[in-house]
Structures are given as C-alpha cells and as structure tokens.
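Open the structure in your viewer and get ready to click along. We'll go stop by stop, picking a selection each time and looking at what turns up there.

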Amino acid sequence: MKHLFSLIILFCFALQGQCINIGKPSLLADNKRWDVWQELTLKGQLYGQKTYQIRYVRDTNDEFRRGYIHFSSGKTRFATIKLPLSDFECKNFCVDSIIQTKRGFMLLISWGGGKYLYNMEYIFRYRQGSFFLDKIITRLFQPEEDEEKTTYKRMKKPLKMKGIIALPELLN
C-alpha cells in the first residue's frame, strides 16, 4: 500500500502543469512556433518615426527546425527570407550575425566544408521606406590550396524585401 501511494504521488508530480493551457488558446503551443536566435532593432534618424525588427528564428513546428529571417515593423511582418537547411540543402550552413550599418544592416552567413568554405555578407540598404538587398560579398577559402578569393556583386536592380524569398534566390 505504501508503494502504491508513493507511485500515485510521483504520478501527480509528473503531471503537474501538463493541463495548464487547456481552454486558454492564447497560451497554446502555436504561439511558441518561433524560437528567436538573433534579433536586431533598427531605429533612428534614417528610419524616421518607424522602428524595424530583424529576427533570425527557427520554426519549432518543423522537424528540421528550418531558419528564417523575419522583417517586421511594429507587429506587421512585411518580408521573410527562407534559409536553407544545414547539411541537407547547404553543407554546414550558419547565420553568423546580423549587424546594423549606417545605411541599413548586414547579414553574415557561412557554409561549406572540406575543399570549399564560404563567408558571405548580404548588405541591405534602407531607401524610400523599404529595405533592399544592395550587394553580396563572397569570400571563398580553399584550405587545401591555401587560397582565398573575394567577389563583389552589386545588384543591378536592388531586390526589395517584400513577401517570402528563399536565400538561394538572392544570388540570381
């Protein structure tokens, strides 16, 4: 009887808090969909009265936890960059940082392994109330040959950050 009573107590402790969200939709798991890894708030004279949020997030509803860069103003998301899955779509893909610049921000990523390692800088500028991808700087390292090559690509027509964009599409 003593062991049965102990099991019931342990069972109650194990279930404690499991039903906390029942009947409260605002607390359901869907609100926990995005796991924020990095966040940058942009405000100041360049942006006038507006404040922008750029967030690197992971989708907790996705079994692979795909990453995204969300662009928001207030509570309105106006653009999203869909990132490749590390090791499935792009070997060792990593968002290194999101950095504010004088005219906007920079997204720094790295990927590759073995013979080729890439570091890429996506430079976004703020103009006329919108963000545009302006330039991509790519550094290719070839460790076996001890070589480094840097390429600069200025967008012929800067790409406006609007809607959903897959990161590989930014290279075209």
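## Stop 1: a charge over a ring

Select R127 and F132: R127 lies over the face of F132, at 5.3 Å from the ring centre. A charge counts as sitting over a ring if NZ of Lys or CZ of Arg is within 6 Å of the ring centre and within 35 degrees of the ring normal. Now pick R58 and W37, where the charged end of R58 sits over the W37 ring, 4.6 Å from its centre.

Before moving on, a word on what you're looking at: this is a predicted model, where local features need pLDDT of at least 70 and side-chain atom pairs count only at pLDDT 80 or more, while totals for chains, interfaces and linings use all residues. Residues are numbered from 1 along each chain as its sequence is written, and side-chain values use heavy atoms, with hydrogens and water left out.

## Stop 2: zoom out

Switch to a cartoon view of the whole chain. You should find one helix and ten strands, and along the sequence they follow the pattern α-β-β-β-β-β-β-β-β-β-β. Helices (H or I, at least four residues) and strands (E, at least two) are DSSP runs, numbered from the N terminus.

How much of the chain is buried? Buried residues make up 35% of the 172 residues. Buried means under 20% relative accessible area, exposed means over 50%, and partly exposed is in between (1.4 Å probe, protein chains only).

## Stop 3: the antiparallel sheet

Colour β5 to β9. These five strands form an open sheet in the order β5-β6-β7-β8-β9, with antiparallel pairing. Here, two strands pair if DSSP finds at least two bridges between them. β5 (94-100) and β9 (147-160) are at the edges with a single partner strand each, so one side of each has no neighbour in the sheet. The twist averages 15° from one strand to the next; the axes are lines fitted to C-alpha atoms, for helices over the stretch in contact, and angles run from 0 to 180 degrees between N-to-C directions.

Next, select residues 116-127 and 130-142, which are β7 and β8: they pair in the antiparallel sense over eleven bridges. You've already met R127, and opposite it in β8 stands S130. Is S130 buried or exposed? S130 is buried, with a relative accessible area of 13%. Leaving out residues up to four places away in sequence, S130 touches R125 and K160, where contact means heavy atoms within 4.5 Å.

In the loop between β7 and β8, click Q128. Q128 has a positive phi of about 50° although it is not a glycine, and it is exposed, with a relative accessible area of 79%. Then go to D146, in the loop between β8 and β9. Its phi is also a positive value, near 50°, in a residue other than glycine, and D146 is exposed, with a relative accessible area of 72%.

## Stop 4: the mixed sheet

Now colour β1, β2, β3, β4 and β10. They form an open sheet in the order β1-β2-β3-β4-β10, and this time the pairing is mixed. The edge strands, β1 and β10 (163-166), each pair on one side only. Look between β3 and β4, which run antiparallel and are joined by six bridges. There, Y68 stands opposite K82 in β4.

## Stop 5: the core and its rings

Show side chains for I69, F71, F105, Y122, F124 and M161. They have the most contacts inside the largest nonpolar core, which has 29 residues. Such a core is a set of buried Ala, Val, Leu, Ile, Met, Phe, Trp, Tyr and Cys residues joined through side-chain atoms within 4.5 Å. Which strand gives the most to this core? That's β7, with four residues.

Finally, the aromatic pairs: the count comes to 16. Rings of Phe, Tyr and Trp (its six-membered ring) pair if their centres lie within 6.5 Å; planes under 30 degrees apart count as stacked, over 60 as edge-to-face and the rest as tilted. Select Y47 and F131 for a tilted pair, 6.1 Å centre to centre with 35° between the planes. Y47 is in the loop between β1 and β2 and F131 in strand β8, 84 residues apart. For a stacked pair, choose F105 and F124, at 4.6 Å centre to centre and 5° between the planes. F105 lies in β6 and F124 in β7, so the pair ties together parts that are 19 residues apart in sequence.
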